[in-house]
Amino acid sequence: MVRVKVPATTANLGPGFDCMGIALDLYNYIELEETDGGLKIHVEGVDNKVIETDEKNLIFKAVRKVFEKNNYKYKGVCIRQHNNIPMARGLGSSAACIVGGMLAANKICGDLLNFNELMKLAVEMEGHPDNIVPAMVGGCVISVHDNIGVRYIKLDIPKELSFIISVPDFNLKTSEARKILPDTVSLEDAVFNISRAALLSAAIAKADGSFYNLFGEDRLHQPYRSSLIPGMSKVIENAKKAGAKGAFLSGAGPSIIAVTDKETGIIADQMKKIFLNHGITSKIIISKASECGAEIIDQGGSDL
Ligand code: HSE
């Protein structure tokens, strides 16, 4: 049996569409055991009722990919997942399944794939690197995926920063939230984003909080996605009025994250209230960045 702990992630951070992400200290736990036959999947925790327990299960698909890549012959597997990351809310739940499943499967195969090969396989399965890479290495990550492979730099997030996650009570699939984006953008909008993504990265690297209002400054995805998330712009605006340094749509949404180094309660209350004014109930999760990415926390024994 192999047990893996894998963090939630928030991607984009506003300007860093498809290339910036932060690991959060909210974790899913995945156990994988090879068995004599068949597929058994137990799901506990958040959203346990809606997660597939057959071959469509995303962790199983990730496990199978690693086994196939390694030509590893298996008779059956048993998977137990304990979820704390809400599904389809823009908090990297699919990346957590892919990374957790692949790490556990690779361990069972005898670590045939090295870390970079595993990362490449995981990014290919997800389609973009901005959740996968921080889920694997922790911290704040700027990453690029192309025919060279996955290239990234990890930055530390100052410990005093808190992430106030406002999680609305509705799902938004990334595939739906990507369909609404335009095929082309103006040069002006492209420059708006690259300048802010570069400056925000440098500010994080230097822990210069005076630039953290760049969290959320974006013209490539948030303006288009706001039509899918009632109250989105107002929640962001009011989180900042309540004292947040910056606020942004987390990944493809619908969760919204406000960043602060001060008291979180007033900002959280505002975010909840504004969503409610738009007919949306929501939950608040207060998180810090996770310094570590996914890790194997147990191997051996057979307690599934
Ligand atoms: N960068 C991706 C998007 C994150 O915004 O579509 C989705 O998880």
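These legends describe close-up views of a predicted model.

**View 1. Helix α4 is mostly covered.**
Helix α4 spans residues 129-137. Of its 9 residues, 9 are buried. The run starts with P129, D130 and N131. I132, V133 and P134 follow, and they are buried too. A135, M136 and V137 complete the list of buried residues.

**View 2. The buried residues of α4 pack against strands and helices.**
Two helices take part: α2 (93-108) and α3 (115-126). The strands are β1 (2-12), β2 (16-35), β5 (140-146) and β6 (149-155). Look also at G138, just after α4. G138 takes a positive phi of about 80°.

**View 3. Strand β1 is largely enclosed by the rest of the structure.**
Buried here means under 20% relative accessible area. In β1, 10 of the 11 residues are buried, so the strand is largely enclosed. Strand β1 is also one of the elements that the buried residues of α4 pack against.

**View 4. Strands β1 and β2 pair in the antiparallel sense.**
The pairing runs over 11 bridges. For one place to look, find T10, which stands opposite I22 in β2. β1 and β2 form a hairpin, with 3 residues between the strands. In this hairpin, L13 takes a positive phi near 60°.

**View 5. Strand β1 is also joined to β11.**
Strand β11 covers residues 295-299. The two strands run antiparallel, and 4 bridges join them. Find V4, then look across to β11: the bridge partner of V4 is I296.

Note on methods. Residues are numbered from 1 along each chain as its sequence is written. This is a predicted model: local features need pLDDT of at least 70, side-chain atom pairs count only at pLDDT 80 or more; totals for chains, interfaces and linings use all residues. Side-chain values use heavy atoms; hydrogens and water are left out. Buried means under 20% relative accessible area, exposed over 50%, partly exposed in between (1.4 Å probe, protein chains only). Contact means heavy atoms within 4.5 Å. Two strands pair if DSSP finds at least two bridges between them.
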